[in-house]
Amino acid sequence: MIIFGTKGYLQQLAMLTLVCGRCGNPAAHALRKKTTKFTLFFVPLFPFSTSYATQCTFCGAEERITREQADRMLSGDASRAR
Ligand SMILES: [Zn+2]
């Protein structure tokens, strides 16, 4: 019998001050990367999906962003990131 499945990993990349799209406050946002890995017999083999999101620490709103946006935020150019 072969046991396979997926496992999600959540990694916090940075804390950034952004103006929240929901509450409008210039609050700290956690930039997170979520990687889903394919597992065989509970051993993670390879990642097959990666997504990025920011979460407002003020109201808790989470927003999905693209990898490009995440890269731009990490390089410190948050003013042009949307
Ligand atoms: Zn907010």
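**Figure 1. Thr 35 in strand S2 of the predicted model.** Let us start with Thr 35, a residue of strand S2 in a structure that is a predicted model. Is Thr 35 buried or exposed? Its relative accessibility is 12%, so Thr 35 counts as buried. Looking past the neighbours within four places in sequence, you can find Thr 35 in contact with Lys 7, Gly 8, Tyr 9, Pro 47, Ser 49 and Thr 50.

**Figure 2. Two lysines over the ring of Tyr 9.** Tyr 9, one of the contacts of Thr 35, takes centre stage here. Lys 7 lies over the face of this tyrosine, 5.2 Å from the ring centre. Lys 37 also lies over the face of Tyr 9, with 5.0 Å to the ring centre.

**Figure 3. A cluster of phenylalanine rings.** Which residues do ring pairs link into a cluster? They are Phe 4, Phe 38 and Phe 46. The count of aromatic pairs in the model comes to 2. In one of them, the ring centres of Phe 38 and Phe 46 are 5.3 Å apart and the planes meet at 20°, so this pair is stacked. A pair of aromatic rings is described by the distance of the centres and the angle of the planes. Phe 38 has a relative accessibility of 24% and therefore counts as partly exposed. Phe 46, at 42%, counts as partly exposed too.

**Figure 4. Ser 51 and its contacts.** Follow strand S3, which covers residues 43–56, and you will meet Ser 51. With a relative accessible area of 18%, Ser 51 is buried, because the cut-off for that label is under 20%. Apart from neighbours within four places in sequence, the contacts of Ser 51 are Arg 32, Lys 33, Lys 34 and Arg 64.

**Figure 5. Four cysteines around a zinc ion.** Which atoms hold the zinc ion? The SG atoms of Cys 20, Cys 23, Cys 56 and Cys 59 coordinate the ion at 2.3 to 2.4 Å. Angles among the 4 donor atoms run from 104 to 114°, and the site is tetrahedral. For comparison, the ideal angle for four tetrahedral donors is 109.5 degrees. Along the chain, the donors follow the spacing C-x2-C-x32-C-x2-C. Cys 20 and Cys 59 link distant parts of the chain, 39 residues apart: Cys 20 sits in the loop between strand S1 (4–19) and strand S2 (26–40), while Cys 59 sits in the loop between S3 and strand S4 (62–65). Cys 20 is buried at 6% relative accessibility, whereas Cys 59 is partly exposed at 26%.

**Figure 6. The largest nonpolar core.** How many residues make up the largest nonpolar core? There are 8 in all: Ala 14, Leu 16, Leu 18, Leu 31, Tyr 52, Ile 65, Ala 70 and Met 73. S1 and H1 are the elements that give two or more residues to this core, and S1 provides the largest share, with 3 residues. In soluble globular proteins, nonpolar side chains tend to be buried together. Take a closer look at Leu 31: beyond residues up to four places away in sequence, Leu 31 touches several others, including Ala 14, Leu 16, Ile 65, Ala 70 and Met 73.

**Figure 7. Arg 67 in helix H1.** Our last stop is Arg 67, found in helix H1, which covers residues 67–74. At 49% relative accessibility, Arg 67 counts as partly exposed, because exposed means over 50%. How far apart are the C-alpha atoms of Arg 67 and Pro 26? They are separated by 22 Å, and the two residues lie 41 residues apart along the chain.

Key
Residues numbered from 1 in each chain as written. Predicted model: local features only at pLDDT ≥ 70, side-chain atom pairs only at ≥ 80, totals over all residues. Heavy atoms only, no water. Phe/Tyr/Trp six-rings, centres within 6.5 Å; stacked < 30°, edge-to-face > 60°. Buried < 20%, exposed > 50% of the residue type's maximum accessible area, 1.4 Å probe, protein only. Lys NZ or Arg CZ within 6 Å of the ring centre and 35° of its normal. Helix = DSSP H or I, 4+ residues; strand = E, 2+ residues; numbered from the N terminus. Contact = heavy atoms within 4.5 Å. Donors = N, O, S within 2.8 Å, 3.2 Å for Na, K, Ca; no water. Tetrahedral: all angles 85-135°; square planar, octahedral: opposite > 155°, others 65-115°. Core = buried A, V, L, I, M, F, W, Y, C linked by side-chain atoms within 4.5 Å.
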